[in-house]
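Me: Hello! I am new to this structure and would like a close look at a single part of it.

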Amino acid sequence: MLLEFKMNNFKSFREEMNLKMIPTPQKDLEYSIIVREIKGKKVKALSSTAIYGPNSAGKTNIIGGMDVLRSIILNGNIKNKEKLTTLNTAVDRLELIPNINSEKNEPVSFYIKFLVQNMVIEFYLSLALGEFIDSEYDRKIVNEELYINNVLIYRRENSVEIGKIDTINDFLIENFEKETAEKISTANLDNKELFFNGMFKTLYSKKIFDIIYDWFKNKYRIIYHADMIHFSPVILSNNNKKKYYIDKTLNKAIKDFGLTSKQIAYPINGDNELVEPVSMIEYKNGKAIIPAEFFESFGTIRFLNIFPVILMTIRTGATLVVDEFDASIHPMAIMNIINIFHNDEINTKGAQLIFNTHNPIFLNNALLRRDEIKFVENEDKGSILYSLSDFGTNGTKGVRNTEDYMKNYFINKYGAIRDIDFSNIFKNDEREENKD
């Protein structure tokens, strides 16, 4: 589970941005918390977080930054890809990352802290990428650090410093020798290759590498632009004799959500390619099967694509980060999904949901804790992120959990809202037309 994510000099965030998933220690907020015990100490995390802010404040950049770090870890380097692989172009073109006001040698930094297999992992990464859109800059890794349970395992700068490696003795490769590994590591550093994916995996601990890499690949799911996600089921070979695959769980959910047809199915084509859902319809003259996109609402199609991801997140105890999660989906459905993440009897594996939104209905003290509500504002120095719990509970700006969060948000008590009035634009436009 995710505990913390930081970044600075990333797009609109010139200063450090800290997305905390660690609950604020307040007595009246002891609900919807994931608790795990590591070596006799309790580790707590929030089940969910909703991020608010006006357009262009930087909400999507937070998710974009998380996506970029994940991609760098999985790729093992800071090189551009030959082809664009995602709508988040900064994943493939790292020269798009730095803040537009950054200096030539000002690094871009990431930090992530998470819990996996009874280990608290902390990973730092600092990159020299040059100025914004400087594709010719000879980029390099400035700093890379790995901590496990608050103990330094390695620090990589111009050379490699090995920390208290004996704390992971059970995970080290056979016949590990610290001095030899340290010398080989320092002599073979590559400015563009992560030490973690190369020499740490080979010379130190493939077991630790596999645990961390698997978390980033399978337990840290980031959906950049949720309206573009496409679900296609894995159809087992024993279903090949059938023409259509019907997911019973998905159909139960979609019927509660709102389904026009009798049920949704997926054609079995036998080649494991992406398949489009179809609506199976019964009407007075018989039955029909037509593409779901022609018959169902856009909201239903959106739900068809996102619900399986949510289901798998709950089943595996993953962290799901979604941009524009609630677009075209009724807020009552989203509220129910949030409550499922908060339900200890259902969410037994500690799954988490992080999403940005414009819908104020989730600003509800019966739905979200104060520390689960985050705001993004774009100031002169760039974007900043803060939590509703940062206001405290005392004084004129204090926020108690009995207050009407939605009302206070619209009267600009918390910031992160923009007063917009297009009336003068339309009036002036009409005058210009009358002149012509």
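Which residues does Thr-357 touch, not counting residues up to four places away in sequence?

Reply: Happy to walk you through it. Please keep in mind that this is a predicted model.

Thr-357 touches Ala-50, Ile-51, Tyr-52, Gly-53, Lys-59, Asp-326 and Phe-362, once residues up to four places away in sequence are set aside. To find Thr-357 on your screen, look in the loop between β17 and β18, the latter being residues 373-379. Although Thr-357 sits in a loop, it counts as buried, because its relative accessibility is 1% and the limit for buried is under 20%. The side chain of Thr-357 also has a polar atom that lies 3.0 Å from the backbone nitrogen of Asn-359.

From here you can step to the helix α8. The strand β17 (352-356) and the strand β5 (48-52) are both among the elements that the buried residues of α8 pack against. The other two are the helices α5 (248-257) and α7 (298-316). The buried residues in question are Pro-331, Ala-333, Ile-334, Met-335, Ile-337, Ile-338, Phe-341 and His-342. As for its length, α8 has 12 residues and reaches 16 Å from its first C-alpha to its last, close to the 16 Å expected at 1.5 Å a residue.

Just ahead of that helix there is a detail of the backbone to look at. Ser-328 is found in the loop between β16 (319-322) and α8 (331-342). Ser-328 is not a glycine, yet its phi is positive, at about 70 degrees. With a relative accessible area of 43%, Ser-328 is partly exposed. You can set Asn-118 beside it: this residue is not a glycine either, and it has a positive phi of about 60 degrees. Asn-118 has its place in the loop between β6 (108-116) and β7 (119-128). Asn-118 counts as exposed because its relative accessibility is 56%, and exposed means over 50%.

Now for a sheet elsewhere in the chain. Strands of a sheet pair through backbone hydrogen bonds, either parallel or antiparallel. Here you will find an open sheet of four strands in the order β12-β13-β14-β15, with antiparallel pairing. At its edges are β12 (244-245) and β15 (286-291), each of which pairs on one side only.

Let us cross the sheet strand by strand. Between β12 and β13 (residues 263-267) there are two bridges, and one residue pair to look for is Tyr-244 with its bridge partner Pro-267 in β13. Next, three bridges pair β13 with β14 in the antiparallel sense; here Ala-265 has Val-278 of β14 as its bridge partner. Finally, six bridges join β14 (residues 278-283) to β15, where Ser-279 has Ile-290 as its bridge partner.

One last stop is the space inside the protein. Rolling a probe the size of a water molecule over the atoms shows where empty space is left. The count comes to one cavity of 30 Å³ or more, and the largest cavity has a volume of about 30 Å³. Its lining is made up of Ser-71, Ile-72, Asn-75, Asn-77, Ile-78, Lys-79, Lys-81, Val-91 and Leu-94.

To return to where you began, Thr-357 is a buried residue in the loop between β17 and β18, and Tyr-52 and Phe-362 are among the residues it touches.

Key
Residues numbered from 1 in each chain as written. Predicted model: local features only at pLDDT ≥ 70, side-chain atom pairs only at ≥ 80, totals over all residues. Heavy atoms only, no water. Pairing = 2+ DSSP bridges. Buried < 20%, exposed > 50% of the residue type's maximum accessible area, 1.4 Å probe, protein only. Expected span 1.5 Å × (residues − 1). Contact = heavy atoms within 4.5 Å. Polar contact = N/O pair within 3.5 Å; in protein donor to acceptor, adjacent residues only side chain to side chain. 1 Å grid on protein atoms, 1.4 Å probe; cavity = no way out; pocket = protein on both sides within 12 Å on 5 of 7 lines; lining within 4 Å. Points joined across faces, edges and corners; volume = space filled by probe spheres on them.
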